[in-house]
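Please read the following note alongside the sequence and the coordinates. The points are numbered so that each can be checked on its own.

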Protein chains: 2
Amino acid sequence: MRDIFNQELKQLGSDLETMSSQVATAIERAAESLRNGDIIVAEQVIDADERINDLQRDIDDLCVMLLARQQPVASDLRNVISALRMAQTLERQGDLARHVASIARGRYPEPPVPEPVLGLILEMADLAVKAGRDVAELVRTRDLDLAQRIQANDSGLDELHRRSFQMILDPANELSRQQVVDAVLMGRFLERFGDHSTSVARRMAYLVSGTQVPGTHDAEDADALH
Amino acid sequence: MRDIFNQELKQLGSDLETMSSQVATAIERAAESLRNGDIIVAEQVIDADERINDLQRDIDDLCVMLLARQQPVASDLRNVISALRMAQTLERQGDLARHVASIARGRYPEPPVPEPVLGLILEMADLAVKAGRDVAELVRTRDLDLAQRIQANDSGLDELHRRSFQMILDPANELSRQQVVDAVLMGRFLERFGDHSTSVARRMAYLVSGTQVPGTHDAEDADALH
């Protein structure tokens with residue numbers, strides 16, 4: 001019984017690794033499609049999201065089956081519940097990467113916004129890419145220092161998000177309405193991607209240390225919208 | 001043992017009812033603050049979100065405790081897992097209501113957007129209010145027909161969301177950049193509020209019928225962004 005359980009827990013860990021690395025790839029490619037106006041890459045992100053969604057369903061099913069058949073307690077239970085939640089968060093991150101890629105595709109062959117707003121959005125995209133990669137590494141290594149760094153780094157993305165509103169509202173930056181719409185949405189998607197990375201990092205810290213980290217569990221969505 | 005379990009399950013149900021009715025109130029007041037430019041009501045929504053977040057934490061803790069101590073199986077397990085997820089979704093809906101209220105507050109005493117865009121946003125807000133009330137009733141009654149209606153009604157909100165982009169982009173509608181930004185964000189928040197209502201309805205249908213309803217479990221975020 002314990003053998004099967006351990007095997008299933010291992011499967012769960014490996015599915016989560018796969019999922020987080022697919023999310024990292026998705027946001028990398030979404031950023032690339034923004035930077036290079038590459039429609040092929042944008043479409044890869046959009047198509048690949050279906051696989052991320054499938055993985056979430058697999059992880060969900062595995063977790064529910066584990067809870068029903070093995071009735072885990074203590075750290076095993078924490079493991080399963082955390083997996084359930086991290087998969088949900090990673091699935092959202094896949095959606096957000098897809099949304100960014102959709103905007104890039106929708107404006108092809110033009111970049112969605114002109115400079116200097118584009119530069120700022122690309123900076124946000126770079127931080128989101130870093131967050132996505134860090135989360136994939138965290139899921140693999142369960143390194144508590146990395147979990148802390150991910151949470152600390154998110155303030156950089158929040159700060160850029162605030163600046164994006166200033167830039168969008170600055171009449172010196174020539175923007176069509178469509179470009180204003182796109183810039184607002186891209187900023188929002190990238191900022192939320194970062195929030196969700198923080199949420200995975202917090203859950204991992206809880207899972208490894210057993211100690212609740214202050215702050216809400218879920219991807220906190222503070223009010224500094226603009 | 002079974003007695004305590006039943007009592008705890010009852011507590012869980014009653015916490016979820018409270019939470020969903022608080023979310024319904026939050027979106028009602030957010031809509032009111034948009035309609036009447038009422039800053040007091042907007043601030044009530046913003047303050048009350050903390051209580052919704054607290055309720056989520058309570059429900060989370062109760063679920064994890066139930067899983068650990070009672071090791072439920074079959075329909076009891078489904079009950080607990082569903083509660084865990086619905087609470088997470090309701091918490092997000094509280095955030096979204098708060099965001100809408102923040103925009104109303106930020107533009108006080110002006111309405112955030114002029115007519116005719118305001119009228120469309122208010123139509124969206126009305127549908128979101130209906131969804132919030134329906135979800136609260138669903139959590140109380142577990143009525144499968146209502147669950148179906150909630151899912152069907154969401155297409156109305158999606159359609160209005162698409163129209164909001166057309167309206168925002170139409171040069172005949174005079175809008176400042178700030179108003180474009182606000183309209184995009186309000187549209188997005190309200191549309192997501194509706195998606196999450198659908199997600200609760202789907203989970204409830206699964207919980208009551210035991211049959212997986214087609215479509216993803218989570219608040220599906222389709223790509224018809226604009």
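1. A salt bridge is taken here as a side-chain nitrogen of Lys or Arg within 4 Å of a carboxyl oxygen of Asp or Glu. The model is a predicted one, and a search of the whole structure under that rule returns 30 salt bridges over all chains. One of these joins R69(A) to E8(A), whose closest N and O atoms are 2.9 Å apart. Because R69(A) belongs to helix α2 of chain A and E8(A) to helix α1 (residues 2-36) of chain A, the pair ties together parts that are 61 residues apart in sequence. The two partners should be described separately in terms of accessibility, since R69(A) is partly exposed at 48%, whereas E8(A) is buried at 12%.

2. Within helix α3 of chain A, D95(A) and R92(A) lie three residues apart, about one turn of the helix, and their side chains meet in a salt bridge with an N to O distance of 3.0 Å. Both ends of this pair are buried, D95(A) at a relative accessibility of 2% and R92(A) at 16%. The pair should be read together with its neighbours in the network, for D49(A), R92(A), D95(A) and R98(A) are linked by salt bridges.

3. A pair with the spacing of three residues is also found in helix α6 of chain A, where R188(A) and E191(A) are about one turn of the helix apart. Their side chains form a salt bridge at 3.7 Å, N to O, and both residues are buried.

4. Turning to the interface, 50 residues of chain A are in contact with 49 residues of chain B, and the two chains bury about 4,100 Å² between them, with 53% of that area on carbon and sulfur atoms. The count of salt bridges between chain A and chain B is two, one of them being that of R85(A) with D60(B), in which the closest N and O atoms are 2.4 Å apart. Eight residue pairs are found in polar contact across this interface, with both residues at pLDDT 80 or more. On the side of chain A that touches chain B, α2 (39-70), α3 (74-107), α5 (144-169) and α6 (177-209) each supply at least two residues, and the largest share, 13 residues, comes from α3(A). The residues of that side divide into 22 nonpolar, 10 polar and 18 charged.

5. Several backbone features deserve a check. In chain B, the peptide bond from Y108(B) to P109(B) is cis, with omega near 5 degrees, and the bond from E115(B) to P116(B) is cis as well, with omega near 0 degrees. P109(B) sits in the loop between α3 (74-107) and α4 (117-141) of chain B, and P116(B) is placed in the loop between α3 and α4 of chain B. Positive phi values occur at Q71(A), near 40 degrees, and at A74(B), near 45 degrees. Q71(A) lies in the loop between α2 and α3 of chain A and is partly exposed at 27%, whereas A74(B) is in helix α3 of chain B and is exposed at 59%.

6. What is the count of disulfides over all chains? The structure holds zero. C63(A) is in no disulfide, and the nearest cysteine sulfur, that of C63(B), is 15 Å away. Each of these cysteines is buried, C63(A) with a relative accessibility of 0% and C63(B) with a relative accessible area of 0%.

Notes
Residues are numbered from 1 along each chain as its sequence is written. Chains are lettered from A and ligands numbered from 1 in the order in which they are written. This is a predicted model: local features need pLDDT of at least 70, side-chain atom pairs count only at pLDDT 80 or more; totals for chains, interfaces and linings use all residues. Side-chain values use heavy atoms; hydrogens and water are left out. A disulfide is a pair of cysteine sulfur atoms within 2.5 Å. Buried means under 20% relative accessible area, exposed over 50%, partly exposed in between (1.4 Å probe, protein chains only). Contact means heavy atoms within 4.5 Å. Buried area is the accessible area (1.4 Å probe) that two parts lose on being put together, summed over both. A polar contact is a pair of N or O atoms within 3.5 Å; within protein, one must be able to donate a hydrogen and the other to accept it, and residues adjacent in sequence count only if both atoms are side-chain atoms. Helices (H or I, at least four residues) and strands (E, at least two) are DSSP runs, numbered from the N terminus. Ala, Val, Leu, Ile, Met, Phe, Trp, Tyr, Cys and Pro count as nonpolar, Asp, Glu, Lys and Arg as charged, and the others, Gly among them, as polar.
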